[in-house]
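Colleague: I should like to learn how to read the surroundings of a ligand and the empty spaces in a protein model. May we work through an example together?

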Amino acid sequence: MDRVVSGIRPTGFLHLGNYFGALRNFIKMQEENECFFFIADYHSLTTHPTPLDLQSNVRNILIEYIAAGLDPEKATIYVQSDVPQVCELSLLLSMNVYIGELQRVASFKEKVRRQPDNVNAGLLTYPVLMAADILLHRADKVPVGKDQEQHLEMTRDFAQRFNRIYKNEYFKLPVAYNFGSELVKIPGLDGSTKMSKSDNENSCIYLADAPEVIRKKVMKAVSDSGPTEPGQPKTQAVENLFQLMKAVSTPDTLQYFEDQYQNCAIRYGDMKKQLAADMIAFVQPVYERILELREKDDYIRKVAREGADRARESAAKTIKEVREIIGIKSF
Ligand code: TYM
């Protein structure tokens, strides 16, 4: 059985980008693999959340993982900071990671550009901690969206480097779990190419959005004044609407609006109405489970406790073996 590891930062509620990037197909995934899904609370500290926000966001993601279909009986669900071995592995890996390669990472460069007042060391070493998350359970596959591709490549580099330095094949080289297709990047409703909470709240559809909230956001989505001649290329905003429709609607529906676009007969109001209805149908079962689970505090705590126990067991084994390989011995 392959091992699958994936994480999500607790920065708010899960949106459709997270769902299609990291969680799609995970009902099948947890049947066929040994899965570890965690909440990357250490990673989220780079943005300095308040203690209260951090706690409630961790709880939200726990609930949303389960509501979206992760089964705690089949998969290990845990909070990253409940498994402190990840810090040790991150430290050990960091000895063979070079500052220059970390400074060249696209997500780091973007953070430097966007938030020049908070270029903390945690941002720089972010890919090392992420590699430690993955290698801690000696993962084979990592379900992620397109934006995490470079981090995953670095994980393979660090694993390979460790194997080379210590002349063994201890770490496997984990690959993206791409469900047989390209890694996805779900666009936003505001015309941006990536659905992302940090850009604009209204660009995201959350799994915890009530139907009327979804409808309002979709009806306000950015479009344009419509094509004026057949075959006219789509603007980014309109391309986004089609991509979102591809994610949640049937192929027939998508084809219908594609034809309408090509014939210059498209009415974006109708398209948005359909898109909203299909998104609501997609999100509603998850939304309802979220509401139920919010009332089940004891159950949520139990899932986190048991998940942490299982994850720590797996982590402890790796750390013991890595220490031996490196030559760390206790007297
Ligand atoms: P994060 O928290 O930003 O996002 C969680 C997951 O959602 C995916 N994602 C998207 N996929 C498609 N379209 C989008 N618009 C979109 N937005 C987000 C991300 O690719 C990701 O899979 N560094 C990670 C968290 C992490 C991790 C790990 C992931 C820490 N350690 C180990 C995997 C394995 C992150 O910031 O993801």
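Modeller: Let us begin with a term: helices and strands are DSSP runs, numbered from the N terminus. Please keep in mind that this is a predicted model.

Colleague: Which elements each supply at least two residues of the shell around the ligand?

Modeller: A residue is near a molecule if one of its heavy atoms lies within 4 Å of it. Here, β1 (2–8), α1 (16–23) and α9 (126–135) each give at least two residues to the ligand shell. There are 26 residues around the ligand, and those that come nearest are Arg9, Tyr126, Asp133, Asp147 and Ile186.

Colleague: How do the residues of that shell divide into nonpolar, polar and charged?

Modeller: Twelve are nonpolar, nine are polar and five are charged.

Colleague: Which residue has a polar backbone atom 2.8 Å from a nitrogen atom of the ligand?

Modeller: A polar contact is a pair of N or O atoms within 3.5 Å. The backbone case is Ile186, with a polar atom 2.8 Å from a ligand nitrogen. Side chains take part as well: a polar atom in that of Gln148 lies 3.0 Å from a nitrogen atom of the ligand, and an N or O atom in that of Asn18 is 3.1 Å from a ligand oxygen. As for cover, the ligand taken alone exposes 700 Å², of which the protein buries 97%.

Colleague: Let us turn to the empty spaces. How many cavities of 30 Å³ or more are there?

Modeller: A cavity is a set of points where a 1.4 Å probe fits but cannot get out. By this rule there are two cavities of 30 Å³ or more. The largest has a volume of about 50 Å³, and its lining consists of Leu92, Leu93, Asn96, Val97, Phe158, Arg161 and Phe162. Two or more of the lining residues come from each of α5 (85–94) and α10 (149–165); α10 gives the most, with three residues. By class, this lining has five nonpolar residues, one polar and one charged.

Colleague: What lines the second largest cavity?

Modeller: Phe38, Tyr78, Gln80, Val83, Val86, Asp133 and Leu136 line that cavity, which has a volume of about 30 Å³. Asp133 is also among the residues that come nearest to the ligand.

Colleague: How should I read a pocket, and which residues lie nearest the centre of the second largest one?

Modeller: A pocket, unlike a cavity, is an open set of points. The second largest pocket holds about 360 Å³ of space. Of its 14 lining residues, Val184, Lys185, Ile186, Gln243 and Lys246 lie nearest the centre. Helix α12 (residues 236–248) provides the largest share of the lining, five residues. By class, the lining has six nonpolar, four polar and four charged residues.

Colleague: Which domains does that lining draw on?

Modeller: At least three residues come from each of domain 1 (3–177 + 297–326) and domain 2 (201–291).

Methods:
Residues are numbered from 1 along each chain as its sequence is written. This is a predicted model: local features need pLDDT of at least 70, side-chain atom pairs count only at pLDDT 80 or more; totals for chains, interfaces and linings use all residues. Side-chain values use heavy atoms; hydrogens and water are left out. A polar contact is a pair of N or O atoms within 3.5 Å; within protein, one must be able to donate a hydrogen and the other to accept it, and residues adjacent in sequence count only if both atoms are side-chain atoms. Accessible areas come from the Shrake-Rupley method with a 1.4 Å probe; for residues, only the protein chains shown count as cover. Helices (H or I, at least four residues) and strands (E, at least two) are DSSP runs, numbered from the N terminus. Ala, Val, Leu, Ile, Met, Phe, Trp, Tyr, Cys and Pro count as nonpolar, Asp, Glu, Lys and Arg as charged, and the others, Gly among them, as polar. On a 1 Å grid over the protein atoms alone, a cavity is a set of points where a 1.4 Å probe fits but cannot get out, and a pocket is an open set with protein on both sides within 12 Å along at least five of seven lines; lining residues have an atom within 4 Å of a point. Grid points are joined across faces, edges and corners, and a volume is the space filled by probe spheres set on the points. Domain bounds come from an automatic or database domain assignment.
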